[in-house]
Amino acid sequence: MGEQEQFTETSTLLDNYVESSSGYYVFCKSKKTAFSFYLMAILFSANIGCTVSCISLATSRLGLSGAWQSSILAITYTLSSIIGSTYVVKKFGARDSIAAGMSLACFYMASFWLARTFPKFELEIVLLGAGIGGIGAGFLWTAYGEYLKGAARCHSEQSTQNFEECTASFARIFAFIFLTTEVMMRGVSTILVEFTSWKTVFVVYTLIACIATWGMAFVDDYGEEYRTDSTTTNGYQLTAAVRLLVVSRKMKYMVGMTAVFGLASAFVNAYLNCEVVRLALGDENSRYVGVLSAWISMVAAIASLLLKRVHDRGVIVICGAMAFFFVAFPFLVQPDARRWSIFGLMIIYTLQGIGRATFESTLKAIFVEYFPDETAGAFSNISLHYGMSNALGNLLSFRSRCSKESRYCIRYSSDGELHDIFGFEVLVCVTAILAIAGYYQASVLHRKEDEVGKAINV
């Protein structure tokens with residue numbers, strides 16, 4: 001009897017040891033998954049941070065060529081997102097697609113210093129760089145959505161968090177890393193331009209982007225079990241984003257939430273950075289542009305961490321849409337750029353940062369939750385809606401002309417032409433209101449789908 005009790009005790013201790021070892025192994029795996037995601041976020045952010053920094057400087061440093069460059073970038077980004085990005089992601093996986101997109105984005109940064117080196121061919125160089133970079137950007141964000149879903153699913157299986165909690169947590173952390181890195185990348189131009197030329201600044205951006213791309217070789221990928229179904233036909237994969245937009249009522253209602261960010265971003269980059277800051281602050285060399293753009297990213301980074309205190313995600317995205325509304329609305333009230341002070345502009349740029357925080361973290365987590373079976377297609381739609389609205393905003397900024405100088409017919413210092421800004425400002429405000437209404441309808445549909453799914457399972 002004593003031997004039997006001793007055997008039972010030994011067996012129990014062995015079982016506990018095995019269970020403990022297994023738990024420690026799973027714990028290590030979950031930590032490894034999280035580390036790989038964070039590494040991806042840092043490298044991704046360094047590359048895109050350089051891209052975004054160059055975008056904010058495009059119109060202020062290149063004038064009309066920069067405006068056309070930004071439009072081509074947005075158009076090719078959109079076309080890449082809806083035509084080829086889902087195919088690339090499902091064919092090669094999320095990590096390799098991110099690396100490919102980062103490689104192509106390097107050509108965009110390189111076009112800036114090449115344009116400075118060969119000014120005779122400035123327009124041709126910047127348009128070619130924008131086209132290649134736009135294609136890469138389409139891969140990047142679509143692949144990020146798939147990588148986010150794969151990392152969250154893998155981590156949820158290795159920890160006590162469920163899939164939704166892991167997705168929201170990873171999205172917030174990514175947003176913080178992404179936006180903090182962007183602050184640092186924007187600061188590069190502000191610091192270096194005091195000691196060297198703009199050509200050197202763009203060379204530094206290109207080198208940072210290339211090094212970050214090389215670092216993706218050390219990021220873990222996820223197996224087939226964490227990918228979207230790869231057995232579908234090539235034709236389906238090429239058009240997954242468009243099919244989702246056509247078939248899904250929920251996706252149609254979500255268009256406004258991404259479109260308003262695209263329009264507000266174009267309003268800030270093509271109008272505020274290019275004209276308002278120059279006239280209000282006498283910023284002929286774009287020094288304040290770098291500081292204010294970095295301020296947007298810093299506000300967004302801090303806000304992305306604070307968002308976890310708000311449990312109702314609907315409140316978060318609605319507040320984000322209202323922030324974009326008030327980026328443009330004050331200029332309907334006071335369109336004279338010379339009357340704006342640094343304090344007033346700081347408020348506007350802060351609102352843009354708050355809106356961006358909701359877009360980069362909470363809204364993208366909602367897309368993963370709302371479209372779990374077609375995440376790549378869903379994130380392609382984010383790129384589609386953002387890219388089209390951003391391209392429209394950039395074109396409106398420079399191509400919407402008027403004949404007589406007035407309250408809303410303003411002469412741009414960059415080209416000496418008269419431009420009508422009233423329609424652009426109204427479009428941003430109206431889109432923000434429609435975005436809130438659309439999100440409400442999408443959330444109602446999602447709740448109904450959840451109720452139907454639970455009823456079927458019962």
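Let's start where helix H3 passes helix H4, in a right-handed crossing. Keep in mind as you look that this is a predicted model. H3 covers residues 85–92 and H4 covers residues 94–117; their axes come within 7 Å and cross at roughly 130°. The two helices are therefore oblique to each other, since an angle counts as roughly antiparallel when it is over 145 degrees and as roughly perpendicular from 65 to 115.

Which residues in H3 and H4 meet? On the H3 side they are Val88, Val89 and Phe92, and on the H4 side Ala94, Asp96 and Ser97. Sorted by class, this contact has four nonpolar residues, one polar and one charged.

Now follow H4 to another partner, helix H7. Here the axes come within 9 Å, and the crossing angle is roughly 165°. That angle is over the 145 degree cut-off, so H4 is roughly antiparallel to H7. As for handedness, H4 passes H7 in a left-handed crossing.

It is worth picking out the side chains in this second contact. From H4 come Ala99, Met102, Ser103, Cys106, Met109, Ala110, Phe112, Trp113, Arg116 and Thr117. They meet Trp198, Lys199, Phe202, Val203, Tyr205, Thr206, Ala209, Cys210, Ala212 and Thr213 in H7. By class, the residues of the contact of H4 with H7 divide into 14 nonpolar, four polar and two charged.

H7 itself deserves a look. This helix runs over residues 198–215, which makes 18 residues, and it reaches 26 Å from its first C-alpha to its last, close to the 26 Å expected at 1.5 Å a residue. Which residues of H7 are buried? They are Trp198, Val201, Phe202, Tyr205, Thr206, Ala209, Ala212, Thr213 and Gly215. You can match these with the contact to H4: Trp198, Phe202, Tyr205 and Thr206 are among the H7 residues that meet H4.

Finally, let's move along the chain to Cys409, which has its place in strand S1, residues 409–411. Is Cys409 buried or exposed? Its relative accessible area is 4%, and buried means under 20%, so Cys409 is buried. What does this cysteine touch? Leaving aside residues up to four places away in sequence, Cys409 touches Cys402, Ser403, Lys404, Leu418 and His419. You may also want to locate Pro335: this residue is 74 residues from Cys409 along the chain, and their C-alpha atoms are separated by 9.3 Å.

Conventions: Residues are numbered from 1 along each chain as its sequence is written. This is a predicted model: local features need pLDDT of at least 70, side-chain atom pairs count only at pLDDT 80 or more; totals for chains, interfaces and linings use all residues. Side-chain values use heavy atoms; hydrogens and water are left out. Helices (H or I, at least four residues) and strands (E, at least two) are DSSP runs, numbered from the N terminus. The expected span of a helix is 1.5 Å times one less than its number of residues. Buried means under 20% relative accessible area, exposed over 50%, partly exposed in between (1.4 Å probe, protein chains only). Axes are lines fitted to C-alpha atoms, for helices over the stretch in contact, and angles run from 0 to 180 degrees between N-to-C directions. Angles under 35 degrees count as roughly parallel, over 145 as roughly antiparallel, 65 to 115 as roughly perpendicular and the rest as oblique. A crossing is left-handed if the near helix is turned anticlockwise from the far one by less than a right angle, and right-handed if clockwise. Contact means heavy atoms within 4.5 Å. Ala, Val, Leu, Ile, Met, Phe, Trp, Tyr, Cys and Pro count as nonpolar, Asp, Glu, Lys and Arg as charged, and the others, Gly among them, as polar.
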